[in-house]
Amino acid sequence: MTGAKALWATLANHGITTVFGYPGGAIMPVYDALTFYPEVRHILTRHEQGAAHAAEGWAKATGQLGVCMATSGPGATNLVTGLADAMLDSVPLLAITGNVARHLMGTDAFQEADITGITLPITKHNFVVREVEDIPRVLSEAIYIARTGRPGPVLVDIPKDVQLAAFHGELLPPLPRRDALKPAPEVVERAQEVLRSARRPVMMLGGGALDAAQEVTQLARAWNVPVSTTLMGLGAFPASDPLWLGMPGMHGSVAANRAISDADVLLSIGMRFDDRVTGRVNGFAPHAQIIHVELDAAEIGKIVRTHVPVRGDAKETARALLAGAARLEHPEWDAQIAEWKSRTQTPDHWGAGYAIKAVCDRLTPDDILSSDVGQHQMIAAQEARFEKPRRWLNSGGLGTMGFGFPAAIGAALAEPGVRSVVIAGDGGFQMTAQELATLKHANIRNVKICIVNNSFLGMVRQWQELFHEKRYSEVWLGDSNPDFVKLAAAYDVPAYRATTADDLPAAIDAWLDDPNSALLEVVVPNEHGVFPMVPAGAALYEMIETEPGRTPDLSDEMEKAAEEANNA
Amino acid sequence: MSSHSRDPQRDQLLSILVHDEPKVLTRITALFGRRGYNIKSLSVGQTEHPGISRMTIVVNGDRGVVEQAIKQLERLIDVVKVIDHSLEKFVDRELVLVKVAITPETRVEVRQIAEDFRTRIVDVGRHALTFEVTGDEGKITAFIEQMRPFGILETMRTGRIALTRGSNADIATHVYHDGETQTLKPVVEGVEAREERARHVPNLF
Ligand SMILES: Cc1ncc(C[n+]2csc(CCOP(=O)(O)OP(=O)(O)O)c2C)c(N)n1
């Protein structure tokens, strides 16, 4: 057996069935050995970034480890964006890279890159395997580290001669999983005490609460606490529940942002107070005592002052807090929240919002919805209604354009019986559009691509409109976009187009009813904005609730934010 | 972080026990660098346990900075343990080489002061003497201040090193009757130890 075979045997032992990758010189022994392991399916993407995001999509949809693979040098560096993305969103990811032979390492050999050095700050950990006998141990540890505690990406770099060397070691069973971290009882008591005193409570759920969705939902209902779910946490609490406030932050709902700003107790679970969520930190939840439930000690107190820091697993902690639940009655708070909720505007005239709402309205609770990054992402986050966790795949922390489509491919493969829908902008789709070929290669029939074509890098245009006096610098795509329907046809993907509100329903029907993976291009007017919006540098309560019209009347806070943006 | 910014800035002494792996030093310094924490001194050496190195880091900052740094360090897989010396009594030393200019008139006086500080002369030149000074920061600063009027040509400091006082070792150690010591090995080395440790990070701070 060679090191390369030991690698596949170890992956198979760990129950890994699918690997996304792209071959090259320094990883050829691994690809050669692959032919002996039919139990592992390799999906050939058309770019390593696609492989990384597809592995992320797999992981985000299932909560299980995603695996991607690349050759040395340029192959490895093409994974970097996906690794950084997985790091910021705590995605369990294993990346395997080939490298030049050991005696060439450090000599600037052909296609050599110090990938462990490059990925140091964007992986949870990384390894170079220097001895062939270490392959099973290092892979087991890498998988353990990627999945345990706060999940994250782990990279394993294997020199080519190590892949080729004869392996005489032992193939190890997976490392035993650890019990979830239970919170200290005295801290749970303190948290309950603070909760009991609440008159205007709000709960905030982040991506760390997804796997505790059932428990946190019970918790919120038992205590009668309104819930806001962050971009990463959408689906951790059912959107149909009257307690749901919507998403907080820069493009959060009026109800969520107002409630957080007025709350007297904030119970946050599995979230890290990203600046897109908090707005100006010293204006964030200014009246609230904050109870922060987190697995990662380093997140507690990092951004906001925490009154009750609770270190523990979300599920365990939610159970513990539930044990002493006392239903809170707060009719005035409820009335106030109802008023804020009534301010929500549904998109009623033709545009990106109207189209995205129409698509979202057609989704079932089982459908997986991915988005790319931009205005369409924020609109989808506002309009989609998730009843279950892990049905919403997003690049939250890094905001990676090009993420959506390959992530949808990964999810489609993880759950072939489920519709995997992606909403992308005309800009971001083109960053990984080559993955259209992957659909055919892997015979994937359940991906539904919706391109919202506003002929602009819409989100950047929106900021230029608001904060740079409408100097639309390098954001117009309209003169050079491809014909997306023809582009899809070139890859043998059926495609549909809608250009008016009247066209839309039939186009959506045809697109969703197509037995194959299919593309829908929706051509929308190009100068729409996403609102509500909290300008960068403003507090949540300084949000602009509705589109200010073509010439925005800047408030003092916005003037200040605009100035800051200009000086940045 | 903003919530801590009113605390006074001062030198904070940390010891870090790490697995002796390639890039471990980079991992640690990169972590400080990324957050803009300035390392004032850093010294690294092997420990009595094979595969484990010990570093002492001096960072200047407020308590908030140091607490965040410790929590970030704790997340690194290669870090076995972080010791915050502000929590317990410790001994610390630094070794410094100081090259002082001399003239026939100052030679005796310089030697006398050096003797009072119990330093050693490690090199004698026609126009300079090089002293080896060990001690805590106060002693070293005082010595350098005394020598300054004569003219300091060069100094080199090793950076501070520290150990906690008392008879507890920072790594669980077994001492055999013949005086040999051995680390108590966790079940699954490295990974398990880290998880075990993470479990005991206090919940309240
Ligand atoms: C890789 C990458 N490059 C640049 C950006 C900055 N950026 C954020 S949103 C955006 C515009 C996205 O445009 P499009 O994909 O057309 O979507 P829209 O906003 O129009 O819905 C850009 C350029 C980014 N997030 N990611």
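Modeller: Buried means under 20% relative accessible area, exposed means over 50% and partly exposed lies in between, with a 1.4 Å probe and protein chains only. This is a predicted model in which local features need pLDDT of at least 70 and side-chain atom pairs count only at pLDDT 80 or more, while totals for chains, interfaces and linings use all residues. Residues are numbered from 1 along each chain as its sequence is written, chains are lettered from A and ligands numbered from 1 in the order in which they are written, and side-chain values use heavy atoms, with hydrogens and water left out.

Biologist: How many residues of strand β3 (residues 52-61) of chain B are buried?

Modeller: Strands (E, at least two residues) and helices (H or I, at least four) are DSSP runs, numbered from the N terminus. Strand β3(B) is largely enclosed by the rest of the structure, because its buried residues number 9 of the 10.

Biologist: Which residue in β3(B) is the bridge partner of B:Ser41?

Modeller: Two strands pair if DSSP finds at least two bridges between them. Strand β3(B) pairs in the antiparallel sense with β1(B) over 10 bridges, and with β2 (residues 39-46) of chain B, again antiparallel, over 7 bridges. In the first pairing B:Leu17 is matched with B:Arg54, whereas B:Ser41 has as its bridge partner in β3(B) the residue B:Val58.

Biologist: What is the relative accessible area of B:Lys23?

Modeller: B:Lys23 lies in the loop between β1 (10-19) and α1 (24-34) of chain B, and has a positive phi of about 75 degrees although it is not a glycine. The residue is partly exposed, because its relative accessible area is 27%.

Biologist: How does α3(A) lie relative to α17(A)?

Modeller: The axes (lines fitted to C-alpha atoms over the stretch in contact, with angles from 0 to 180 degrees between N-to-C directions) of helix α3 (residues 48-62) and helix α17 (residues 404-414) of chain A come within 6 Å and cross at roughly 50 degrees. With under 35 degrees counted as roughly parallel, over 145 as roughly antiparallel and 65 to 115 as roughly perpendicular, that angle makes α3(A) to α17(A) oblique.

Biologist: Which strands of the open sheet in chain A stand at the edges?

Modeller: The sheet has 6 strands in the order β14-β13-β15-β16-β18-β17, with parallel pairing. Two strands have a single partner strand each, so one side of each is left without a neighbour in the sheet, and these are β14 (392-393) and β17 (495-498) of chain A.

Biologist: What angle does the direction of α17(A) make with that of β15(A)?

Modeller: At the β17(A) edge, 4 bridges join that strand to the parallel β18 (residues 518-523) of chain A, and A:Arg497 is partnered there with A:Glu521. Helix α17(A) packs on the sheet, touching (heavy atoms within 4.5 Å) β13 (368-371), β14, β15 (420-425) and β16 (447-453) of chain A, and its direction makes with that of β15(A) an angle of about 175 degrees.

Biologist: What phi does A:Glu469 take, just after α20(A)?

Modeller: Helix α20 (residues 458-467) of chain A is mostly covered, with 8 of its 10 residues buried, including A:Arg461, A:Glu465 and A:Phe467. Just after this helix, A:Glu469 takes a positive phi of about 50 degrees.

Biologist: What is omega for the cis peptide bond that joins A:Phe531 and A:Pro532?

Modeller: A:Pro532 is found in the loop between β18 and α23 (556-567) of chain A. The bond joining A:Phe531 to A:Pro532 is cis, with an omega of about 5 degrees.
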